[in-house]
Amino acid sequence: MGQKSEKSRGIKSDETLFDVVELLRRLDGEGVTELADRLEIAKSTVHGHLTTLVERGFVVKRGGEYHLGLRFFEYGQYVRGQLEIFQSGLAAVDRLERETGEMTWLIAHQNGKAIYVYGRGGDNDINVNTILGTQDHMHYNSGGKAILAHLPEAEVDRIVERHGLPARTENTITDRDRLDEELKQIREQGYALNLSEDLEGVQAIGVPLTVEGEIQGALSVAGPAHRMSKERCEGEILERLRAATDEIDLTIAYR
């Protein structure tokens, strides 16, 4: 008998529970009938899962609709607080924002995706709270590329196989050979650029964050291309990023 896939080894009821949670997030709340129709399962099954989630505080009911509850926030805060780069990087990110006037990010990685764990908006009309906690592909994100460049090649292979190299703009790298060339360059120069590869007109630079030789995340600065020119990224911004990583390294060493 062939080996079962990772998904097939899961417990079906657990998979359904997480399908319900994910759908509530995507739809920003929904009723039992609509959830059951979308998931193509019995209303009684959906109601059973929702009842458990409500009792545990992970879902709340408002009117005839169910919504995700703040219990998830509690767990998210706990998980983020366990990250060594988060504990040690807050002051550095805040200082970077003040010094550059641009959007600054502390980025972690998990399951092959870049995750925004802390950020500041700079002189940009952007609400960073709508981005915090979200996940993104790494190949078009400056911090993500800085992380990819310092992962073992076999892990990069698994990430590309699992998530692909989808295009976000005409500047996104979608070819594996080109990506490998860029990752090599990033390792040599110590930083990664995002030149409108994620969003048109937005450019960024990211540097890796390592703890005891292991890549844990990245620090990045992003802003509109007319302010975040390649020259500024590789000059003033890079200098400040390197100073910030030294500060984080020192904080980690003396924790």
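Partly exposed, as used here, describes a residue whose relative accessible area falls between the buried range, under 20%, and the exposed range, over 50%. With that in hand, let us walk through this structure, which is a predicted model.

A good place to start is helix 9, where E234 has a relative accessible area of 29% and is therefore partly exposed. E234 forms a salt bridge with K230, and their closest N and O atoms are 3.0 Å apart. The two residues sit four places apart in helix 9, so about one helical turn separates them. The geometry of the helix helps here: an α-helix has 3.6 residues a turn, so residues three or four places apart point the same way. K230 is partly exposed as well, with a relative accessible area of 35%.

Further along helix 9 you will find another pair with this spacing. E236 and R240 are four residues apart, or about one helical turn, and they form a salt bridge in which the closest N and O atoms are 3.5 Å apart. E236 is partly exposed at 31% relative accessible area, and R240 is partly exposed with a value of 31%.

Now follow the charges away from the helix. E236 and R240 belong to a network of salt bridges that also links E99, E102, R227 and R232. Within that network, E102 pairs with R227, the closest N and O atoms being 2.8 Å apart. E102 lies in the loop between helix 5 (84-100) and strand 3 (103-110), while R227 lies in the loop between strand 8 (214-224) and helix 9 (230-253), so this salt bridge ties together parts that are 125 residues apart in sequence. The partners differ in their surroundings: E102 is buried, with a relative accessible area of 1%, whereas R227 is partly exposed at 29%. Over the whole structure, a search finds 16 salt bridges.

From charged pairs, let us turn to packing, with helix 2 as our guide. Helix 2 covers residues 32-39, and V32, L35 and A36 are buried in it. Viewed down the helix axis, the buried residues fall within an arc of 95°, so they line one face of helix 2. D37 and R38, on the other side, are exposed. The buried residues pack against helix 1 (12-27), helix 3 (43-55) and strand 2 (65-68).

The packing with helix 3 deserves a closer look. Helix 2 and helix 3 meet at an angle of about 115°, their axes 9 Å apart, and the crossing is right-handed. Helix 2 contributes V32, T33, L35 and A36 to the contact, and helix 3 contributes K43, V46, H47 and L50. Of these residues, five are nonpolar, two are polar and one is charged.

Finally, some backbone details are worth a visit. Most residues other than glycine have a negative phi. Against that background, D28 has a positive phi of about 60° although it is not a glycine. D28 is placed in the loop between helix 1 and helix 2 and is exposed, with a relative accessible area of 60%. Helix 2 is in turn followed by E40, whose phi is also positive, near 60°. Elsewhere, E212 has a positive phi near 55°. This residue, E212, is found in the loop between strand 7 (202-211) and strand 8, and at 82% relative accessibility it counts as exposed.

Notes. Residues numbered from 1 in each chain as written. Predicted model: local features only at pLDDT ≥ 70, side-chain atom pairs only at ≥ 80, totals over all residues. Heavy atoms only, no water. Buried < 20%, exposed > 50% of the residue type's maximum accessible area, 1.4 Å probe, protein only. Arc of directions from axis to C-beta. Contact = heavy atoms within 4.5 Å. Salt bridge = Lys/Arg side-chain N within 4 Å of Asp/Glu carboxyl O. Axes fitted to C-alpha atoms, helices over the stretch in contact; angles between N-to-C directions. Left-handed = near helix turned anticlockwise from the far one by under 90°. Nonpolar A, V, L, I, M, F, W, Y, C, P; charged D, E, K, R; others polar.
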